[in-house]
Amino acid sequence: MPNINLGIMQALLTEKGKKVKSFHFHLEFLPFIRRANPRVWDQFLAQSEQFGVEYMGLDYLFASLLFDDRYRESEDLFKERLESIGLTLTNFDTLREITRSFIEYAFGKISPHLQGANLVGFSCSHYQLSSSLLLCSMVKKVYPDVQTVFGGKDCSGTFASELLKNMPYVDFVGTSECELTVESLLDHIKDGSKEIVNVVSRGENGTIQKAPSRPNTSLNRLPLPSYEMQDFPIPRNELIMPIEFGRGCPWKRCTFCPDESYNILCQAKSAEKIQDEIGYYLDISPDLRNFFILDSDALKDPKTILEVSKFLEEKGLTFHYAEFRAERMNRDVLSAILHFGTWASNFQIGIETFSDRMLQLMNKGVTALKNVEVLKAAAELGVPVQFNLFTCYPGMSTQEMNDNIRVMDLIAHILVYDNILIYPGEFYLPTDCPVFMNPEQYSIRKHAESIFSVIFKDFPMPSYSNYPYPYQFDNDDEQYRLSTIIREKVDAIKSKNRLNTYMTYKDISDGLEISICLNGNRTSHILTGKEKSIYLSALEKIREAGSIAQEFDMPVEDVSAMLQTLEQKGLVLLSPDRKSFLSLATKA
Ligand code: SF4
């Protein structure tokens, strides 16, 4: 997947009459290694995927060259970590030499463009910082007058200043989106009286100074990305084109997420603009059929999703990823997403947990009931979704775990659907998220250094890129135990299928029959009269007891009593205040 920010910068700066050349070296590195040594590549890739690129990924190879002296002094630590994932220092050193050849090749490619260049920028978002720093250091060695700027999630938040303090060849670090930032920098380089925005830089005496922040240009006014695809070492039918539906999270408050520190203006693109962009790629080549939707919440405006879905229907495109918050999802939106085309991988919904108290600890802005409503709709409509399930979390105790398990048991017949993938995972601690900034408040003790910094002896930056920090919960043993229980619950549910785990409803002559099969036990319930009507009214959408009372002309106490009976039978899920509910049975 090419880098969309580079594609947009290429188009935007060209439109403004500037001479610009962009390189997508991340597309070239993997084929380069594979060509050089397929065996070592396969081993390294498999192990780093299994254990996480944060623990040992390609960025460490570039880092070992960038911080060569420290690497030499820290070989024992590298050896230990490599061995813990089944690799050896010899594997690493072989790849290190290939990496050295690659960076020399990359420098050779950019060199002809450096003479007379004003600015060299690096876009680093997925553990690409060390490779970019290494290349930047080579640029500055030969062209000390060229200005350099870094941007992207790898250098956001408080780390931006750390980077400047420790890396003399970095002149500016962006603190927001790139478009306005780079334009202002280029104008400033040409005319020193022009204002720079959205960067930190070094002052005359070496102090770090922060330029004023300005909101970015409207996404609808940005040009369509421009790529020199003939330079990519990947055939067009294998390229995945990134598409922005919008930018920035509309919520920015989850306690585990550093999103707020990215300073990204929350904006949604119009349906027309998205359609123009997809049409533009199809005009470039009918082989460009793979897309990846970039946006921390692609559901900023449900109307856009519905319109885009109509446009995409019948186009036969393939989508590889998209992220949606559950909060505003409904059946219309879910059906629309289903009509985008083929989903090569399930799209992501921010579910996180089924415990309301955990959702509050996370400040997720959604309820367990809403999470269940969305998953039930996805299951019934056959929409391919996936979600992460936190198995431990700061402040989590047996009570929250029990809540979570209770709801998972109640909705096991929904979770067994093949189109719902669950990824249980431990909490990990990124910098700049609220938990990181207030560890005592969240009852955790964080390590003094990130997982990256700790592998280099005497590393000057405790934070580095987006690497998480090791930490301990105040109730570490309990969290470990709870985590195991939640993982086992997911495995137990996913080992079942819809033939042995179901809760279905069907109309029969004397009422509504609900048939349940759970752990081999079959039961059934017949609902009649108002109980049946009330149950049917909440099959697709959360209802409130108050509005039900009005609709069915009943005292609200009677509705509440009825809901309590239905809850005892395991047929509905109630909100913690017991004022809202959802009927859980699916259509037979
Ligand atoms: S986790 Fe998602 S919804 Fe929460 S703040 Fe981050 S991007 Fe926004």
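Me: With the side chain of which residue does the side chain of K269 make a polar contact?
Reply: The model is a predicted one. In this model K269 sits in the loop between β8 (267-268) and α11 (271-284). A polar atom of the K269 side chain lies 3.2 Å from the backbone oxygen of E244. The side-chain to side-chain polar contact, at 2.6 Å, is with E277.

Me: Is K269 buried or exposed?
Reply: Leaving aside neighbours within four places in sequence, K269 is in contact with several residues, among them L219, F245, I274 and T304. Buried means a relative accessible area under 20%. The value for K269 is 5%, so K269 is buried.

Me: Which helix gives the largest share of the largest nonpolar core?
Reply: Nonpolar side chains tend to be buried together in soluble globular proteins. The largest nonpolar core here has 118 residues. At least three of its residues come from each of domain 1 (4-210) and domain 2 (502-587). The largest share, eight residues, comes from helix α15 (residues 368-381).

Me: Which residues does Y535 touch, not counting those up to four places away in sequence?
Reply: Y535 is listed with M329, F347 and F354 as having the most contacts inside the largest core. Beyond four places in sequence, Y535 touches M503, L512, I514, L527, L566, L571, V572, S583, L584 and A585.

Me: How many residues does the second, separate core have?
Reply: This second core is separate and includes Y60, L87, L129 and F452. Its number of residues is 61.

Note on methods
Residues numbered from 1 in each chain as written. Predicted model: local features only at pLDDT ≥ 70, side-chain atom pairs only at ≥ 80, totals over all residues. Heavy atoms only, no water. Core = buried A, V, L, I, M, F, W, Y, C linked by side-chain atoms within 4.5 Å. Buried < 20%, exposed > 50% of the residue type's maximum accessible area, 1.4 Å probe, protein only. Helix = DSSP H or I, 4+ residues; strand = E, 2+ residues; numbered from the N terminus. Domains from an automatic or database assignment. Contact = heavy atoms within 4.5 Å. Polar contact = N/O pair within 3.5 Å; in protein donor to acceptor, adjacent residues only side chain to side chain.
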